[in-house]
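Hi everyone, thanks for making time for this. Let's look at a structure together and take it one piece at a time.

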Amino acid sequence: MEWDTIETTLQWLGIVSLFTFFVSLAFIPWLISRLPVDYFVRPHRFRHPFSAGAGLLFPVWFVFRNIAGVVVLLAGTAMLFLPGQGILTIILGVALMSFPGKYRLLFTLTTRPSVQHSLDWIRTKTGHPKFIWRLDGHR
């Protein structure tokens, strides 16, 4: 591999890194502020996109949300090594997707006080009430 190719690749990685950093600064607080205050404590159930009564647009919305969730999850994983809010972005990626066991995974990811504090700090800064967290540690 020639140095010009490596240099061009590194420049593009730098540009993508800066882009994801600035997008995450705007997008993550917006998404966190849109979640209901009881999102991490209320019971949820998985709804299959082709279940009876789901409607015609629900499968399209289901696929779109899952694709967006995977993209956000991958961006969060990259932000663990690049500038950005990696853990929060991963949590939002998982929250966007629909799969069995999603809420158990979300509850596990958000049991750390530092993660809860970060999520609540963003909610406060965006003018929304803090999340309700279970104190007993059971989900």
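How much surface does the chain expose, and what share of it do carbon and sulfur atoms supply? The chain exposes about 9,200 Å², and 70% of that comes from carbon and sulfur atoms. Please keep in mind that this is a predicted model.

Now the overall layout. The chain has five helices and zero strands, so if you read from the N terminus you simply go α-α-α-α-α. There are 139 residues, and 31% of them count as buried. What about contacts along the chain? Taking contacts between residues at least 6 apart in sequence, 62% join residues at least 24 apart.

Let's zoom in on helix α5, which covers residues 113–125. Does its length make sense, or, put better, what span should we expect for its 13 residues? At 1.5 Å a residue they should span 18 Å, and the end C-alpha atoms are indeed 18 Å apart, so the two agree.

Which residues of α5 are buried? They are Val115, Gln116, Leu119, Asp120, Ile122 and Arg123. Looking down the axis of α5, these buried residues fall within an arc of 155°, so they line one face of the helix. Here is the general idea behind that: an α-helix has 3.6 residues a turn, so residues three or four places apart point the same way.

What covers those buried residues of α5? The cover includes α1 (3–34), α3 (86–96) and α4 (102–109). On the face of α5 turned away from the buried side, you will find the exposed residues Pro113, His117 and Lys125. And just after α5 comes Gly127, with a positive phi of about 80°.

Next, two residues to compare. Is Thr89, in helix α3, buried or exposed? Thr89 has a relative accessible area of 3%, so it is buried, since the cut-off for buried is under 20%. Leaving aside neighbours within four places in sequence, Thr89 is in contact with Ile28, Val72, Ala75, Gly76 and Met79.

Then there is Trp30, which sits in helix α1. Its relative accessible area is 46%, so Trp30 counts as partly exposed. Trp30 also belongs to a nonpolar surface patch of about 410 Å², which it makes with Phe19, Val23 and Phe27.

To wrap up, try finding the buried face of α5 and then the patch around Trp30 on your own screen. Thanks for listening!

Definitions and conventions:
Residues numbered from 1 in each chain as written. Predicted model: local features only at pLDDT ≥ 70, side-chain atom pairs only at ≥ 80, totals over all residues. Heavy atoms only, no water. Helix = DSSP H or I, 4+ residues; strand = E, 2+ residues; numbered from the N terminus. Expected span 1.5 Å × (residues − 1). Buried < 20%, exposed > 50% of the residue type's maximum accessible area, 1.4 Å probe, protein only. Arc of directions from axis to C-beta. Contact = heavy atoms within 4.5 Å. Patch = residues over 30% accessible without salt bridge, like charges linked within 9 Å, V, L, I, M, F, W, Y side chains within 5 Å. Areas by Shrake-Rupley, 256 points an atom, 1.4 Å probe, with all protein chains shown as cover. Salt bridge = Lys/Arg side-chain N within 4 Å of Asp/Glu carboxyl O.
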